[in-house]
Amino acid sequence: MLRLSHLLGTENLTAEQISFILDQAKPFQEFQRHPLKKLATLRGKTVAVAFFETSTRTRISFTTAAARLGADTMALQAESSSLKKGESLIDTVRTLEAMRPDGIVIRHSSSGAPEFVAQRLEIPVLNAGDGTHEHPTQALLDALTIRDRKGGLEGLNVTILGDILHSRVARSNIHLLGKFGVNITLCGPAMWVPRELEKLAPRIRTTHSLEDGVSGADVVMVLRVQTERIHEPAIPPDEYIAQYQLTPARIQLARPDALVLHPGPIVRGLEIDSAVADGPQSCVLEQVTNGLAVRMALLYHLIGGAPADAPHPAKDRSNASD
Amino acid sequence: MPVVEKRQLLSAEEIGRTLSRLAHEIVENSSGAKDLALIGVRRRGVPLAERLAQQIRGFASVDVPVGTLDITLYRDDLSQVGSHPVVQSTQIDFAVDNRDLVIVDDVLYTGRTIRAAMNGLFDLGRPRRIQLCVLIDRGHRELPVEATFIGRKVQTSDTEIVEVRLREIDAEERVMLVDRVP
């Protein structure tokens with residue numbers, strides 16, 4: 001059993017819980033190949049999908065995951081909502097809660113917003129990305145992608161490349177991979193890869209040289225430059241491209257069978273060259289498919305059971321298929 | 001939950017003979033195993049389905065495909081259990097459309113598992129026919145579900161449990177009737 005009330009981040013998940021979630025994503029990966037992709041498992045349940053920040057993949061992924069499980073969704077999208085009229089986060093969330101959803105998926109530009117909401121609501125809260133803090137489902141789907149391709153996580157050399165400082169994807173991945181004996185390399189411009197980040201996991205190093213960072217990597221995770229989160233002067237794009245763009249020549253420095261991951265959206269020609277993004281080592285589309293499976297597994301386990309102290313249904317339990 | 005064994009229903013040998021008879025009945029009923037496929041319901045329906053296929057290969061020289069079906073996502077009681085049970089894989093590597101399917105499970109009881117299994121199969125396509133093969137039919141149906149191929153019919157009370165042990169899963173091989181200790 002998962003025994004998790006909320007999914008706020010990977011930092012506080014145990015390796016067992018993470019492995020459990022990845023294992024449970026498997027049947028949902030298979031499910032995506034069914035001709036009829038509609039279960040009744042969460043029929044009658046409602047999932048509030050509250051995105052206070054833009055998103056393509058995560059929002060559609062969560063919404064589709066809920067729908068395929070048979071649940072209904074309540075969709076909040078910040079641009080077209082009363083947040084523009086000045087309504088506060090907690091009022092928005094309480095409004096949604098008054099319509100009795102069974103769970104809420106939330107993305108917000110403030111780090112800590114999902115935890116704030118989780119402390120005030122009775123229903124499970126799933127973090128779809130909060131500020132620069134965590135994006136746990138991204139790290140889980142990245143781990144699933146790597147695990148499927150490489151057979152496991154232990155002992156792999158994973159390089160995270162780019163704007164690490166502002167990246168919640170990087171943080172969630174660092175926390176997760178750090179629990180599985182992964183050798184983590186953080187690589188990027190000095191202003192975006194401070195040495196302090198080395199405190200986040202046991203086997204981790206920082207480097208500002210792309211050649212050094214990518215050499216010998218089993219996995220290179222490329223990050224987007226988080227221009228919407230950067231308040232200090234940015235590095236000029238030409239300079240970034242010259243020093244840190246992942247090109248076909250540069251990916252050769254990694255192991256020959258190295259994987260290239262990117263959480264999306266890709267800015268072609270900036271952090272990554274199109275040839276690499278579309279090349280044989282790229283797992284970008286696989287990541288998206290795996291994201292759906294991971295989110296279905298999470299919604300299935302977090303939403304819809306009876307309270308832990310509810311009496312068990314009577315005789316169905318004996319001779320139920322186990 | 002503490003239980004006490006009341007009596008043995010099938011010995012290892014009897015399980016073997018029963019499966020052999022069921023395998024013959026299935027083939028007889030299917031006009032030569034054309035389009036036949038077996039679907040084992042997790043967990044114990046799976047080794048039973050595999051053994052039936054092996055038997056059929058032996059005496060009829062036909063390779064009947066075997067799929068495994070996990071019904072967890074199709075259960076009707078999920079909002080009543082404390083936390084959602086672990087989901088296992090469903091693995092059916094052949095098309096279900098127009099197939100003559102036989103669902104295989106160890107015990108038929110309320111019928112809810114089989115209702116769930118049928119829902120699972122309909123998500124995969126449109127079989128021509130679905131029949132049910134069980135090792136034990138213990139009565140107490142709560143839905144209109146019936147088995148065509150039955151190993152043994154057993155009268156049971158509400159508190160009793162039919163325990164099936166198969167060597168692939170349990171390291172022993174027998175079927176017992178046990179009762180809950182009050």
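**Helix 5.** I started with helix 5 of chain A, residues 136–150, and looked up what lies under it: the helix lies across strand 8 (219–222) and strand 9 of chain A. I also checked its direction, and helix 5 runs at about 165 degrees to strand 9 of chain A. Note to self: this is a predicted model.

**The sheet.** Next I traced the sheet those strands belong to. I get an open sheet of five strands in chain A, in the order 7-6-5-8-9, with parallel pairing. Which strands sit at the edges? I find strand 7 (204–207) and strand 9 (259–261) of chain A there, each pairing on one side only. For the twist I have an average of 20 degrees from one strand to the next.

**Strands 5 and 6.** I then zoomed in on one pair. Strand 5 (residues 157–161) and strand 6 (residues 183–187) of chain A run parallel, and I have five bridges joining them. I looked up the partner of A:Leu161 in strand 6 of chain A, and A:Cys187 is its bridge partner.

**Helix 4.** Last stop was helix 4 of chain A, residues 113–120. I list A:Ala113, A:Pro114, A:Val117 and A:Ala118 as its buried residues. Why do I say that they line one face of the helix? Seen down the axis of helix 4 of chain A, the buried residues fall within an arc of 135 degrees, so they line one face. On the face turned away from that buried side I find the exposed residues A:Gln119 and A:Arg120. I also noted what the buried residues of helix 4 pack against: helix 3 (89–98), strand 3 (103–108) and strand 4 (125–130) of chain A.

How values were computed:
Residues numbered from 1 in each chain as written. Chains lettered and ligands numbered in written order. Predicted model: local features only at pLDDT ≥ 70, side-chain atom pairs only at ≥ 80, totals over all residues. Buried ≥ 20, exposed ≤ 12 C-beta atoms within 10 Å, placed from the backbone. Helix = DSSP H or I, 4+ residues; strand = E, 2+ residues; numbered from the N terminus. Arc of directions from axis to C-beta. Contact = placed C-beta atoms within 7 Å. Pairing = 2+ DSSP bridges. Axes fitted to C-alpha atoms, helices over the stretch in contact; angles between N-to-C directions.
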